[in-house]
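Student: I am new to this structure and would like a close look at a single part of it. Please start from the residues at the centre of the packing, and then place that part within the rest.

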Amino acid sequence: MTAARHPAWLPPTAWRPLGSRRCLLATAGPPATAGPLLDTVSDELVRACAEHGGVLRRAAGDAAPPDGGDEPYDLVLALVDAPLPAAAALAELRRAAAAGPLGAEGFALARRDGTTVVLAERPTGLLYGLFQVVRLGESAFGPARPVEVHRPASGIRMLDHWDNVDVHPVMGQVERGYAGGSIFWRAGAPRGDRELIRAYGRLLAAGGLNAVAVNNVNVHGTEARLLTDRLGDVAEIADTLRPYGIRVHLAVSFAAPMTLGGLPTADPVDPEVRAWWTATTARVYETIPDFGGYVVKADSEGQPGPFGYGRSHADGANLLADALAPHGGVVHWRAFVYNHRQDWRDRGTDRARAAYDHFAPLDGQFRDNAILQVKHGPMDFQTREPVSPVIAAMPATRLAVELQVTQEYTGQQRHVCYLAPMWSELLGFRPWGADGPTVAELAAEEPDRSAGRRTAPGAGLVAVSNVGDDPFWTGHPLAQANLYAFGRLAWAPDSDPVALLDEWIGLTFDPAATADPGLLRDTLREIMTDSWRTYESYTAPLGVGFMVRPGHHYGPDVDGYEYTSWGTYHFADRDGVGVDRTRATGTGFTGQYPAPWRDVYESRDRCPDELLLFFHHVPYGHRLVGGTTVIQHIYDSHFDGVERVARMRSAWQRLTGLVDPDLDARVRDRLDEQLRSAQEWCDQINTYFFRKSGVPDAHGRHIH
């Protein structure tokens with residue numbers, strides 16, 4: 001039995017505007033053949049109308065729609081080939097649909113003459129259209145709305161769960177999980193809570209997501225067997241998520257032909273290896289006909305891969321792509337490949353270069369159903385990184401951009417850190433300058449090729465999940481906003497992150513249930529809108545990363561990784577700080593970018609301040625664009641960050657009595673911890689750089 005769980009952005013009250021009205025669901029074919037997605041739409045409408053007093057009628061096949069009586073229907077949801085009542089909005093929508101295909105997931109929406117209409121070609125589109133009406137709330141039934149056509153930017157909008165089937169001795173049930181245990185697995189066995197998994201799928205679909213990988217990319221022994229003798233466990237998850245249009249993917253080990261199949265090799269060109277993958281994949285699709293495909297981490301951080309056989313990553317990815325192709329599946333091949341046994345004394349080796357050096361020469365060698373999954377930055381989900389140069393370097397390869405919703409390096413869901421502004425900034429980045437496409441356009445399924453920048457379609461956005469079995473889903477209740485915003489940005493990457501925050505607030509915190517909805521909304525905006533930059537201000541100065549405790553990555557440890565093999569250095573000394581990645585005197589990383597950014601990043605004077613220390617080793621007295629020295633900026637930003645968190649904590653206290661008591665207590669507890677941690681970051685970072693530089697704070701503030 002599922003324990004009481006916070007409803008997130010789908011509380012019953014969010015359905016009141018829809019569920020209190022007269023609704024018609026019109027579909028083609030008899031109801032008995034509708035399929036799970038139409039059944040889901042119908043079930044959602046039935047539940048909403050029963051809860052809030054509305055009426056639902058259903059028309060199917062060639063039958064005329066039920067009589068609406070003296071009043072027209074308030075809401076009509078219909079497939080394009082369904083029987084429909086005469087309505088001006090429907091006529092407009094049908095003309096819009098005729099002008100261009102809506103696609104498998106798209107829908108059109110309009111309101112005319114008192115009727116709101118959602119029209120879709122496929123049941124999946126109707127489901128997404130239903131959730132759009134829920135998002136609009138009462139505004140969906142207000143003044144007339146012109147025709148709006150909604151199509152997702154890309155076909156794959158996916159969450160990767162780093163969930164372990166067995167409890168890992170170091171990482172636990174969920175690697176980088178900050179919200180309790182797995183919703184899929186528990187102590188070596190399936191969790192078996194289908195109600196919980198279904199509720200999760202419902203949340204994902206309401207945010208626009210359509211795929212999940214259900215196990216860790218670091219595939220351990222038990223997890224590897226999900227591909228073979230434990231495939232039934234995966235099938236049960238797929239069955240549960242299918243009614244919400246969520247396709248299941250599986251992380252697999254490149255060494256599976258040896259560890260599971262008993263072969264002496266996993267060489268991707270070996271005929272027996274190829275035959276094993278072909279037969280194994282066929283069995284997967286016999287069990288799960290709509291299986292999405294594989295996710296692979298290979299030759300990275302100890303995971304096996306094609307390098308062990310003198311083969312390339314294209315050889316490895318194409319092996320699996322060929323096995324999946326007859327079934328319509330894809331392989332997500334992660335580009336997170338680097339030397340994790342680096343000599344810290346060697347300043348010529350640069351982890352930031354690694355993905356480009358490995359993969360750019362392979363452009364055009366990957367199969368059409370092989371997707372190169374590229375982390376958004378060249379390092380590892382740091383608070384501030386430049387956009388990965390790989391995204392612009394491979395025009396003939398399908399790419400998916402990978403984000404991290406779980407807050408590994410951004411406060412681990414103990415700190416408020418709304419990440420949509422960061423994601424929006426990187427999705428809007430233009431690698432070739434103002435006249436070129438954005439990162440979002442490069443990742444889109446149907447990119448604009450007018451600039452000649454891409455010949456292969458993009459594959460979309462993928463992110464590491466922040467969900468666990470915590471009653472609030474994400475540990476910190478406000479971290480739900482990151483999961484919601486990721487889904488909405490994956491659907492429409494040009495969405496305004498502040499508007500998405502408002503959307504989430506309006507759905508999650510019922511204005512009718514609080515005495516002062518304006519104060520509630522304004523306070524949440526005040527706390528969350530700039531929380532990413534607040535977190536950056538007390539942790540990561542000017543593009544420096546990894547100043548965290550090794551292993552668990554929470555809390556400050558300025559030199560924690562400085563003399564290790566992981567390649568994550570800041571090179572602070574008595575004279576300055578930062579990594580020289582220039583072509584002239586450093587690692588040459590700036591040369592991996594196209595113009596104009598290769599020259600912008602090469603120049604100390606033109607490099608954006610927020611990335612200065614990522615690209616340059618500079619003296620502490622170097623002046624930033626605003627005139628402040630680097631060392632004074634470090635002091636100022638860290639003191640300021642603590643003050644901002646204190647204001648966030650005080651702001652939340654204004655909401656006493658306006659939010660659920662359990663949620664209030666959880667957020668208060670997390671804000672107390674955030675303030676404690678921010679002060680610790682400030683003390684350690686400022687003390688470290690004061691002792692390195694010998695330069696006092698210009699304002700005379702206390703530094704230990």
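Tutor: A nonpolar core is a set of buried Ala, Val, Leu, Ile, Met, Phe, Trp, Tyr and Cys residues that are joined through side-chain atoms within 4.5 Å. Buried here means under 20% relative accessible area. The model is predicted, and what follows is computed from it.

The largest nonpolar core has 221 residues, and the two members that touch the most other members are Trp277 and Tyr294. In general, nonpolar side chains of soluble globular proteins tend to be buried together. Among the elements that supply this core, helix 21 (residues 630-653) gives the most, with 10 residues.

Trp277 is the residue to look at closely. Leaving out residues up to four places away in sequence, its contacts are Leu227, Val252, Ser253, Phe254, Ala256, Pro257, Tyr294, Leu319, Leu320 and Ala323. Tyr294 is thus on the contact list of Trp277, and both are the residues named above for touching the most other core members.

Tyr294 also leads into a barrel. In strand 14, Tyr294 is the bridge partner of Leu250. Strand 13 (residues 247-251) and strand 14 (residues 293-296) run parallel and are joined by 3 bridges. Strands 13 and 14 are two of the 8 strands that close into a barrel with parallel pairing, in the order 7-12-13-14-15-16-17-18. From one strand of the barrel to the next, the twist averages 25°.

Strand 16 of this barrel can be used to find a loop. Gly364 sits in the loop between helix 11 (354-359) and strand 16 (370-375). Gly364 counts as partly exposed because its relative accessibility is 47%. Apart from neighbours within four places in sequence, Gly364 has contacts with Ala396 and Thr397. Ala314 is 50 residues away from Gly364 along the chain, yet their C-alpha atoms are separated by 9.2 Å.

A loop elsewhere gives a contrast. Thr590 belongs to the loop between strand 19 (576-577) and helix 19 (597-602). Thr590 counts as buried, because its relative accessibility is 0%. Its contacts, not counting residues up to four places away in sequence, are Arg581, Thr582, Arg583, Arg598, Tyr601, Glu602 and Phe615.

The second sheet to place is an open one. Strands of a sheet pair through backbone hydrogen bonds, either parallel or antiparallel. In this open sheet the pairing is mixed, and its 6 strands follow the order 2-1-3-5-4-6. Strand 2 (55-59) and strand 6 (145-150) are the edge strands, each pairing on one side only. Neighbouring strands are turned against each other by 15° on average, direction ignored.

Strand 3 lies inside that order, between strands 1 and 5. It pairs with strand 1 in the parallel sense over 4 bridges, with Ala26 standing opposite Ala78 of strand 3. On the other side, 5 bridges join strand 3 to strand 5, again in parallel, and Leu79 has Ala120 in strand 5 as its bridge partner. Strand 3 is mostly covered, with 5 of its 5 residues buried. Leu75, Leu77 and Leu79 point one way, Val76 and Ala78 point the other way, and all are buried.

The antiparallel part of the mixed pairing can be seen between strand 4 (residues 107-112) and strand 5 (residues 115-120), which are joined by 6 bridges. Within that pair, Ala110 stands opposite Val117 of strand 5. Helix 4 (residues 123-136) packs on the sheet, where it touches strands 1, 3, 4, 5 and 6. The direction of helix 4 makes about 45° with that of strand 4.

A covered helix completes the detail. Helix 15 (residues 480-491) reaches 17 Å from its first C-alpha to its last, close to the 16 Å expected at 1.5 Å a residue for its 12 residues. Helix 15 is mostly covered, as 12 of its 12 residues are buried; among them are Leu483, Tyr484, Phe486, Arg488 and Trp491.

All of this sits in a protein with 22 helices and 20 strands. Its radius of gyration is 26 Å, close to the 27 Å from the globule rule for 704 residues, so the protein is as compact as a globular protein of that length. The C-alpha trace spans about 80 × 70 × 50 Å along its principal axes. Of the 704 residues, 61% are buried. Among contacts with a separation of 6 or more, 71% are between residues 24 or more positions apart.

Technical notes: Residues are numbered from 1 along each chain as its sequence is written. Side-chain values use heavy atoms; hydrogens and water are left out. Two strands pair if DSSP finds at least two bridges between them. Axes are lines fitted to C-alpha atoms, for helices over the stretch in contact, and angles run from 0 to 180 degrees between N-to-C directions. Contact means heavy atoms within 4.5 Å. Buried means under 20% relative accessible area, exposed over 50%, partly exposed in between (1.4 Å probe, protein chains only). The expected span of a helix is 1.5 Å times one less than its number of residues. The radius of gyration is taken over C-alpha atoms; the globule rule is 2.2 Å times the number of residues to the power 0.38.
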